[in-house]
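Visitor: Please take me through this one term by term. I would like to hear what each word rests on before I accept it.

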Amino acid sequence: MADATAPTRTATRRRVVFGLVLFTVTTLLFWVPWAGLFAPGARWPAPVVAAGAALFAAGYLAFPFLLVRALGRRHSDRAARVALPLLGLTWIAFAWTLVTHLLRIVLAVAGVENPLRARLIAVLLAVVVLALAAHGAREAMRVPRVRRADVVLPRLGKAFDGFTVAVLADTHYGPIDRTRWSRELVRAVNGLGADVVVHVGDLADGTVAQRRGQVAPLAEVRAAGRFYVSGNHEYLSNAQAWLEHMADLGWTALHNEHRVLERDGARLVFAGVDDVTAAHSGEEGHGADLGAALAGLRPDDPVVLLAHQPGGIGEAVAAGVDLQLSGHTHGGQIWPFHLLVRLQQPVLSGLSRHGARTLLWTSRGAGFWGPPFRVFAPSEISLLTLRPA
């Protein structure tokens with residue numbers, strides 16, 4: 001006889017594990033910067049320490065509750081607009097506190113004594129964190145720069161020499177209203193005059209009803225072809241609805257399918273697959289299926305594949321794809337988070353070769369996820385010019 005209490009125990013266990021992880025992460029993100037700014041050796045005046053303690057304690061106590069409301073079942077945009085910037089700020093402070101420990105050692109070896117040594121470190125840390133936060137916020141909210149590259153595809157017909165593809169990824173329309181930014185993004189894309197514009201996923205965080213206004217300017221993108229595939233974040237908020245909505249805006253949603261472009265007898269294929277998380281999302285009929293996406297093509301057709309995560313490049317190589325276009329990594333978004341991204345993905349950004357024929361272009365993305373910061377990982381609109389051998 002099945003144990004009826006098993007699901008309850010599993011759910012309780014997950015909540016306990018989640019709570020412990022959240023407590024540990026919160027404690028590290030706040031305690032490490034506190035130790036760097038208010039080290040005992042600095043001997044700050046009591047009012048300074050009291051004010052700092054009050055500020056850190058308020059953030060430490062409020063942060064986990066705000067984060068749960070922002071990213072949990074409530075999906076509160078109001079909570080997200082506080083919790084996510086706070087997450088980014090504490091991450092920057094945490095990372096750079098660790099960096100300043102190296103300087104602390106150098107100063108100690110040089111004979112600089114406390115409280116001067118600890119105060120120098122604290123002041124430098126505060127200046128660096130605030131400067132990087134201001135810079136990162138500006139980079140996150142600006143219209144992305146254009147990153148250009150020539151991509152040589154040996155099987156490409158000469159009729160497609162100079163064919164241009166503008167690549168958008170990871171716009172992540174979310175709690176911060178970026179409708180104006182979206183209009184400026186579209187203006188920048190249209191200014192490139194690309195033959196085809198693609199969006200390789202993570203369009204928005206939230207439902208169509210929540211983000212409709214921010215996404216609406218994408219209907220004004222001008223190109224002979226506009227192709228879109230789902231990212232992992234669409235599968236947190238009804239990917240099928242997003243595929244249908246993008247189709248309503250005039251984009252071709254490549255749901256494990258392809259389209260063939262022809263020019264003077266030459267062919268160029270744009271294929272797209274669902275994100276790799278689709279199979280476990282619970283959405284019926286969704287799941288990455290490269291075989292279905294390429295079904296019916298000629299053996300010599302050059303193929304450009306849209307796949308949100310670069311981690312799937314192995315399947316593209318096995319299938320003989322010429323060029324895969326991906327995003328997902330954000331280039332790390334906030335240094336040094338790129339070190340963690342590289343543990344999961346084969347590349348961070350740019351053009352890379354895999355196997356004998358397959359090239360991979362990984363975009364750093366146009367927007368941001370979570371904290372509205374980009375530190376040493378600028379956003380981009382990619383403009384690729386295809387060339388035959």
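Guide: We start with empty space: on a 1 Å grid over the protein atoms alone, a pocket is an open set of points where a 1.4 Å probe fits, with protein on both sides within 12 Å along at least five of seven lines, and a lining residue has an atom within 4 Å of a point. Points are joined across faces, edges and corners, and the volume is the space filled by probe spheres set on them. By that reckoning the largest pocket holds about 1,200 Å³.
The model is predicted, so local features need pLDDT of at least 70 and side-chain atom pairs pLDDT 80 or more, while totals for chains, interfaces and linings use all residues. Residues are numbered from 1 along each chain as its sequence is written, and side-chain values use heavy atoms, with hydrogens and water left out.

Visitor: Which residues are closest to the centre of the largest pocket?

Guide: Leu 67, Leu 71, Leu 87, Phe 337 and Trp 369 are the closest, out of 34 lining residues. Helices H1 (6-37), H2 (46-71), H3 (77-109) and H10 (338-344) each give two or more residues to the lining. H1 provides the largest share, eight residues.

Visitor: What makes a stretch count as a helix or a strand?

Guide: Both are DSSP runs numbered from the N terminus: H or I over at least four residues for a helix, E over at least two for a strand. On that basis the protein has 10 helices and 12 strands.

Visitor: What makes S10 and S11 partners?

Guide: Two strands pair if DSSP finds at least two bridges between them. S10 and S11 (residues 358-362) have five bridges and run antiparallel, so by the definition they pair. His 354 stands opposite Thr 358, and Arg 353 opposite Leu 359. The two strands form a hairpin with three residues between them, and Gly 355 in the turn has a positive phi of about 75°. S11 is also joined to S9 (residues 323-326) by four bridges, running parallel, with Leu 325 partnered by Trp 361.

Visitor: Why are S6 and S10 called edge strands?

Guide: Their open sheet has six strands in the order S6-S7-S8-S9-S11-S10, with mixed pairing. S6 (257-263) and S10 (350-354) each have a single partner strand, so one side of each lacks a neighbour in the sheet. The twist averages 20° from one strand to the next, where axes are lines fitted to C-alpha atoms, for helices over the stretch in contact, and angles run from 0 to 180 degrees between N-to-C directions.

Visitor: How do you know whether S11 is enclosed or open?

Guide: Buried means under 20% relative accessible area, exposed over 50%, and partly exposed in between, with a 1.4 Å probe and protein chains only. Five of the five residues of S11 are buried, so the strand is largely enclosed by the rest of the structure. Thr 358, Leu 360 and Thr 362 cover one side, Leu 359 and Trp 361 the other. Thr 362 has 0% relative accessibility and counts as buried. Its contacts (heavy atoms within 4.5 Å) include Arg 147, Pro 310, Ser 326 and Val 347. Across the 389 residues of the protein, 51% count as buried.

Visitor: Is Arg 69 buried, exposed or partly exposed?

Guide: Arg 69, in helix H2, has a relative accessible area of 38%, so Arg 69 is partly exposed. Leaving aside residues up to four places away in sequence, Arg 69 touches Arg 74, His 75, Ser 76 and Ala 79.

Visitor: Which strands stand at the edges of the sheet that contains S12?

Guide: That open sheet of six strands has the order S1-S12-S2-S3-S4-S5 and mixed pairing. S1 (145-152) and S5 (252-253) have a single partner strand each, so one side of each is left without a neighbour. Eight bridges join S1 to S12 (residues 380-387) in parallel, among them the one between Val 146 and Ile 381. Helix H5 (residues 179-190) packs on the sheet, touching S2 (163-168), S3 (196-199) and S12, and its direction makes about 20° with that of S12.

Visitor: What does UniProt list for residues 164-331?

Guide: An unreviewed entry gives "domain: Calcineurin-like phosphoesterase" there; positions follow the numbering used here, feature names are shortened, and annotations may be inferred rather than shown by experiment. In the model, residues 164-331 are 24% helix and 22% strand, with end C-alpha atoms 23 Å apart.
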